[in-house]
Amino acid sequence: MRRHMLERREFLKGTLGALATFALGLPAARLLAAEPASALAASQIGPGLHLVDGWILTTADLRAIAAHEV
Amino acid sequence: MRFDAKAADRGGFEEVYDVCVIGGGPAGITAARVLARSGARIALMEAGGLEIEVESQDPYVGENVGLDYFPLDTSRLRFFGGTSNHWAGWCRALEPVDFVPKRYNPLSGWPITKLDLDPYRAEADQILDVPNESEAPNLPFAQKEYRFHRFQFRWSPPTRFAEKYLDELTASDRIDLWLNANLVAMPMDEAGTKVLGATFRSYAPDDPGFTVKARYYVLATGGIENARLLLALDQQFPEGIGNRADMVGRFFCDHPHFVISDVVLRAPSQEREYFMPTEEFLYENEILNFGLRLEPEYYPPETGLTDALIRGAGCGRDFGERLAEKVLGRELANCDLGGVGAWWETRGAPRPEPLAITRIAFEQALNPDSRVRLGTERDAFGLRRPMLDWHMSERDIHTMRTAAMAYGAHIAEQDIGRLKLRDWLTAEPAEIPGTDKDEVGGKHHMGTTRMSADPRDGVVDADCRVHGTDNLYVGGSSVFSTPGHSNPTYTLTQLALRLGDHLTGRLSA
Ligand SMILES: Cc1cc2nc3c(=O)[nH]c(=O)nc-3n(C[C@H](O)[C@H](O)[C@H](O)COP(=O)(O)OP(=O)(O)OC[C@H]3O[C@@H](n4cnc5c(N)ncnc54)[C@H](O)[C@@H]3O)c2cc1C
């Protein structure tokens, strides 16, 4: 159990993890730094959904990230 | 009555029993009890004693030559009560769809349906002490969702078969329970169609052994051992017993258990949720059945100093007494820091972060090369040790990826949260974690003597009788034709009850 918790903290620190967290506006995001949206390579996986570095994000998430709202 | 093969007079074995049941775990004990109800005389032969011992556990030692798996002598227990001595009690019957063949999973499906097992639900509930089914209905979704059902497990306390049934079996005048009796040979007629006896030895090196004769024999020694014994009892037929079609030991599967994604939720939650695919989604994506668990990060609730002190009073007791309570599953006081550990560790507890993982347990695709074979080393009885060659297939990876993606899509669409697939799962090829990194399997050993209508496709028929034999049956999850995603003991208990009924019918014919 403990092992998984540590991994979860690690993943939040990953850049795209941080971006997704920002896009969601979660409190944990305040601790993390964003990166330019150009780093994102998204592939569409369904209407309005994209697979980005393992994350499943919405078009609105990507727009928010691209507009540096995060 | 109860006997110990180490000490007892074996003269009693002049008697021809109605049924000789080999293996005193959930399957064997259940079958024996049903048969005894009809007045049949049963020999219930158990290899171990009443406690775990080095010498009785040793024949379970084997080799893993396939995917990383647990040591074979730790994932099962070889004494009275069998692996129920440390099972965890997760229960759920198979789904109707689990019995149905799927084009994309060759040989899948059972020669029976769920309706054949349903009549045994009430008694299986009672045996496993699980609450009535109506207490655990599937849960609706708040939103429209075609991909998943929400489902619930039911929980056995967990029932320890040895503890629950030892007195009843000892008092029975229908069942002779033998401890420390290891099956070492099974003489058959020349054609290999009829078992003539079952030979047992105790652990004494010079024990010549003794043979139990019965009209019918049930092999119920666990999902790996049933196959290993059929293969290793090769004294008469080089391929072993019931293995003309070379099917014994093949199709080994577990329910692989892996953390497949991390999740950020909109709001913190402390509730575990379980999801499984709808039939529509299963067929559309050509995947196999799975149970997906959303497990939010757990935060123990804050414990006040007064509460901690009150609970900590229990810490003054003897260590042995506390250990006994722990073994019995009682919640113990946290005795760190002289009994105030719970207060110290949770003081000023942070607000839970909205984090979770998803863990999958799924049905593997049938694979004849995933199998139990025999190694070259022999155990103390001269029988070749088991060798497990466990595999996962592309279909298995596809099932995990599809489940993770679909759940990720669900929570993004509903804005419940966002999900990230674990890197090992998105890697090409997938880098399956080993036992040092993840749970890997449920220690559910299935498929190695699978049930099939056609003798070329499996080992036992729809009545659990070994194809081509007249009086040899198999009990346990090794007979599962297709494993579904639910933990196996509930289903194998239903099957043992059904087997008991079948043999009762044959005995009275
Ligand atoms: C850690 C762990 C947790 C588990 N949790 C769950 C769970 O939550 N839910 C679930 O459904 N399942 C669970 N399981 C699986 C469950 O324990 C098995 O499905 C169940 O015990 C199988 O019953 P069985 O009678 O077929 O075999 P076993 O329980 O393995 O019993 C076989 C018996 O045969 C005896 N035997 C072996 N060889 C011989 C021989 N040569 N001669 C005579 N006797 C012999 C053994 O001593 C043993 O008593 C778990 C397993 C493990 C290891």
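## Polar contacts with the ligand

In this predicted model, a polar backbone atom of Leu183(B) lies 3.0 Å from a nitrogen atom of the ligand. When the ligand is taken alone, 1000 Å² of its surface is exposed, and the protein buries 94% of that area.

Two further backbone contacts can be described. A backbone N or O atom of Ala88(B) is 3.0 Å from a nitrogen atom of the ligand, and a backbone N or O atom of Ala27(B) is 2.9 Å from an oxygen atom of the ligand.

## The shell around the ligand

The ligand is surrounded by 37 residues, of which Ala27(B), Glu46(B), Thr83(B), Trp90(B) and Thr489(B) come nearest. By residue type, the shell consists of 17 nonpolar, 16 polar and four charged residues.

Several elements of chain B contribute to this shell. The helices α1 (26-37), α6 (225-232) and α13 (489-508), together with the strand β9 (182-185), each supply at least two of its residues.

## Cysteines and disulfides

Across all chains, a search of the whole structure finds zero disulfides. Cys20(B) is in no disulfide, and its nearest cysteine sulfur, belonging to Cys464(B), is 17 Å away. Cys464(B) is likewise in no disulfide; for this residue the nearest cysteine sulfur is that of Cys253(B), at 16 Å. A disulfide requires two cysteine sulfur atoms within 2.5 Å.

How accessible is Cys20(B), buried or exposed? Cys20(B) is buried, its relative accessible area being 0%. Cys464(B) also counts as buried, with a relative accessibility of 3%.

Technical notes
Residues are numbered from 1 along each chain as its sequence is written. Chains are lettered from A and ligands numbered from 1 in the order in which they are written. This is a predicted model: local features need pLDDT of at least 70, side-chain atom pairs count only at pLDDT 80 or more; totals for chains, interfaces and linings use all residues. Side-chain values use heavy atoms; hydrogens and water are left out. A residue is near a molecule or strand if one of its heavy atoms lies within 4 Å of it. A polar contact is a pair of N or O atoms within 3.5 Å; within protein, one must be able to donate a hydrogen and the other to accept it, and residues adjacent in sequence count only if both atoms are side-chain atoms. Accessible areas come from the Shrake-Rupley method with a 1.4 Å probe; for residues, only the protein chains shown count as cover. Helices (H or I, at least four residues) and strands (E, at least two) are DSSP runs, numbered from the N terminus. Ala, Val, Leu, Ile, Met, Phe, Trp, Tyr, Cys and Pro count as nonpolar, Asp, Glu, Lys and Arg as charged, and the others, Gly among them, as polar. Buried means under 20% relative accessible area, exposed over 50%, partly exposed in between (1.4 Å probe, protein chains only).
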